[in-house]
There are 2 protein chains.
Amino acid sequence: NPVDKGVDYAQYFCTYAFLYHQKEMLSDRVRMDAYFNAIFENKHHFNGKTVLDVGTGSGILAIWSAQAGARKVYAVEATKMSEHARSLVRANNLQNIVEVIEGSMEEITLPEKVDVIISEWMGYFLLRESMFDSVICARDRWLKPTGVMYPSHARMWMAPIRTGIGDHKMGDYQSAMDDWHNFVDETKTYYGVDMSTLTKPFSEEQRKYYLQTSLWSNLHPHQVIGTAAIIKEIDCLTATVNDIEKVRSKFSLSITMDNMLCGFGGWFDVHFRGRGEDPAEQEIELTTAPSVDCGTHWGQQVFLLHPPTHVNEGDNLTISFLMSRSKENHRLMEVELGCEIQQHSGKLLAPSKHKYYIE
Amino acid sequence: NPVDKGVDYAQYFCTYAFLYHQKEMLSDRVRMDAYFNAIFENKHHFNGKTVLDVGTGSGILAIWSAQAGARKVYAVEATKMSEHARSLVRANNLQNIVEVIEGSMEEITLPEKVDVIISEWMGYFLLRESMFDSVICARDRWLKPTGVMYPSHARMWMAPIRTGIGDHKMGDYQSAMDDWHNFVDETKTYYGVDMSTLTKPFSEEQRKYYLQTSLWSNLHPHQVIGTAAIIKEIDCLTATVNDIEKVRSKFSLSITMDNMLCGFGGWFDVHFRGRGEDPAEQEIELTTAPSVDCGTHWGQQVFLLHPPTHVNEGDNLTISFLMSRSKENHRLMEVELGCEIQQHSGKLLAPSKHKYYIE
Ligand SMILES: Nc1ncnc2c1ncn2[C@@H]1O[C@H](CSCC[C@H](N)C(=O)O)[C@@H](O)[C@H]1O
Ligand SMILES: Nc1ncnc2c1ncn2[C@@H]1O[C@H](CSCC[C@H](N)C(=O)O)[C@@H](O)[C@H]1O
């Protein structure tokens with residue numbers, strides 16, 4: 001494992017040590033309602049049971065598990081947020097049930113195996129942050145053979161969209177380049193140095209920044225101009241790191257209205273279904289799909305197409321999708337997306353290939 | 001040395017690998033003019049000489065040194081920006097003079113000692129980034145006994161200021177806290193968890209963020225309401241890491257107009273004076289003081305006082321100043337500032353103590 005712990009802390013964990021950041025998650029009502037209902041409408045999974053909360057943050061899921069009747073809850077948190085979790089547990093008088101353990105899930109040891117693993121491990125577009133790796137590790141080491149995963153299933157989705165944001169970004173990119181050309185001129189005039197050889201790498205850098213980095217967005221359902229497809233399904237009880245390290249998928253999307261195809265929206269959902277032989281009484285869904293309501297803090301990730309293409313109802317897109325982890329930072333992702341458009345008439349347009357970064 | 005290289009790269013160097021960031025520095029006309037004039041108005045220091053550019057970035061100072069007649073320039077850069085520097089050197093046809101070396105100054109080896117060390121190592125309020133350590137290291141290993149430092153001297157300054165930004169920040173802080181109280185109520189009501197025990201640590205976190213973190217600002221001279229004092233003078237030829245690791249100073253500031261004292265502005269200047277026995281022909285100054293002109297990308301750092309105090313012309317402030325490096329990141333700073341106000345009448349007000357973070 002070539003991941004440098006110190007670097008990982010500096011780049012990833014550190015933000016979770018801020019109450020401000022935990023509060024943002026705790027203020028996401030869609031997220032909170034889903035976990036709250038998953039727990040309290042399925043008390044039989046918690047009552048008298050031992051629970052492990054992977055990445056407890058403020059401690060909220062551990063506290064709910066205890067309130068739902070757990071006998072013992074192990075609440076593991078890598079950052080100093082553990083101290084706040086501990087004081088929250090005490091303030092809610094659950095210190096005899098919830099044990100907060102500061103440490104990384106991969107390194108700590110529990111005194112026993114558990115009946116339930118609960119975790120809120122989902123990043124943008126599900127897999128950003130690669131935190132599910134830690135849940136897999138916890139599951140393989142600490143879940144009883146009869147144990148239940150909360151959530152139990154996860155899916156990645158993608159749909160064709162229209163959006164004005166691409167034009168904005170193109171404008172930003174173009175003014176960055178105008179600025180650059182000015183800069184090159186001035187540097188030559190005033191300081192006698194010809195910078196024009198850097199124009200190409202600068203434009204690549206800016207293109208990556210403005211056009212190839214996926215964008216957080218809260219899409220309205222009206223912006224979705226075709227069918228949504230499932231890219232990937234994960235059974236949290238059986239998935240391995242190998243299954244999620246690279247996500248490769250080929251799927252088709254049908255255009256359902258004449259419109260400009262400006263890009264693709266990506267999102268996820270997770271379900272709390274319990275375990276085959278020990279199912280949930282109430283299945284709960286947490287979806288981050290485009291919604292007329294307020295949405296979630298995850299929003300959707302938008303992958304822009306430049307320039308947008310005109311598409312018509314009945315056109316069919318064949319998408320080949322490959323998401324892998326960035327070499328520099330295993331918690332960030334790179335996406336290669338191939339798109340073939342077959343028009344309603346049967347005519348095939350020239351296929352296109354695109355590269356994106358989920359930063 | 002307890003600094004983790006990987007972490008240091010992830011937290012510090014990585015930003016310098018972007019042309020966008022180098023361009024920001026290259027577009028700072030005050031900075032550019034100072035170095036340009038320092039070199040070209042003191043060609044005798046460069047003509048036929050060997051030069052070391054510590055942290056060459058885009059290569060600009062190395063290229064100028066070569067254009068001013070250097071026999072050989074070693075241009076050392078820790079990041080992949082070295083590749084752009086190399087292509088810029090080639091595009092300006094100086095590849096026979098400028099040798100770009102990718103590596104950290106502390107680790108690379110030169111084939112010879114040099115006559116001049118040039119570097120643009122200054123961070124916000126001079127010492128943020130702690131890059132002067134690398135210049136000291138380069139000087140002690142590679143500068144000839146008769147060698148010259150560019151720049152040769154540096155100073156830190158502080159002055160009492162008025163500003164409306166403190167009220168803004170106080171407003172931001174207060175609305176963050178209002179929001180928090182709402183959040184605590186809602187979490188109790190909807191989710192049955194009492195978060196009030198986290199109110200104190202949250203308020204400390206937000207206070208630190210909004211009120212105790214020094215602010216980048218481009219102050220107008222009118223905002224300076226008293227005399228400016230020198231906190232620290234550095235002779236770049238003789239300073240040691242020990243001299244700059246902690247900056248401790250006691251100085252006084254006289255109020256020159258009746259006004260609200262809202263805080264302090266901190267800035268720096270550097271001079272290019274050559275060496276005692278081998279002085280510059282034209283001394284050049286680079287100052288980042290509050291200015292009516294466009295200012296520099298460094299701006300000034302503002303340390304806010306809460307609440308502001310009314311002061312009058314003739315009042316005298318005694319400041320005890322201590323700046324040290326943050327334990328978590330040696331390139332960031334913490335400032336302890338004690339302030340005693342003696343009114344014109346002779347009356348002493350209660351002294352106050354303040355803690356700031358330069359992030
Ligand atoms: N390998 C690991 N070991 C321990 N904690 C981890 C971890 N990976 C991520 N975390 C922690 O997991 C948390 C994810 S955010 C979710 C916080 C909380 N469970 C809630 O639902 O509100 C962060 O606080 C992060 O620091
Ligand atoms: N110890 C070290 N070794 C090598 N390069 C370093 C260094 N510390 C900082 N740097 C580099 O020093 C540069 C400082 S910014 C100045 C860039 C350039 N000299 C100019 O004046 O425009 C950055 O590119 C940074 O990556």
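Four salt bridges link chain A and chain B in this predicted model. One of them pairs Lys23(A) with Asp179(B), and their closest N and O atoms sit 2.8 Å apart. Polar contacts turn up here too: 18 residue pairs between chain A and chain B make one, with both partners at pLDDT 80 or more.

**What chain A brings to the contact**
- Seen by element, the side of chain A that touches chain B gets two or more residues from each of α1 (5-16), α2 (19-26), α3 (29-40), α4 (60-67), α5 (81-91), α7 (165-191) and α8 (199-211).
- The largest share comes from α7(A), which gives six residues.
- Sort this side by residue type and you get 23 nonpolar, ten polar and eight charged residues.

**How much gets buried**
- People often describe an interface's size by the accessible area lost when the parts come together.
- Between chain A and chain B, about 3,600 Å² is buried, and carbon and sulfur atoms give 66% of that.
- On the chain A side, the residues losing the most area to chain B are Leu19(A), Lys23(A) and Tyr191(A), which together make up 20% of what that side buries.
- So Lys23(A) shows up twice, once in a salt bridge with Asp179(B) and once among the residues that lose the most area.

**How the two copies line up**
- Chain A lands on chain B after a rotation of 180° with 0.0 Å of shift along the axis, at an RMSD of 0.0 Å.
- The two copies are therefore related as by a two-fold rotation axis.
- Within chain A, Val7(A) has the C-alpha nearest that axis, at 2.3 Å.
- Both copies use the same surface, since 100% of the contact residues of chain A recur in chain B.
- Each chain puts in 41 residues: 41 from chain A and 41 from chain B.

Key
Residues numbered from 1 in each chain as written. Chains lettered and ligands numbered in written order. Predicted model: local features only at pLDDT ≥ 70, side-chain atom pairs only at ≥ 80, totals over all residues. Heavy atoms only, no water. Contact = heavy atoms within 4.5 Å. Buried area = accessible area lost by both parts, 1.4 Å probe. Salt bridge = Lys/Arg side-chain N within 4 Å of Asp/Glu carboxyl O. Polar contact = N/O pair within 3.5 Å; in protein donor to acceptor, adjacent residues only side chain to side chain. Helix = DSSP H or I, 4+ residues; strand = E, 2+ residues; numbered from the N terminus. Nonpolar A, V, L, I, M, F, W, Y, C, P; charged D, E, K, R; others polar. Least-squares fit on C-alpha atoms with pLDDT ≥ 70 in both.
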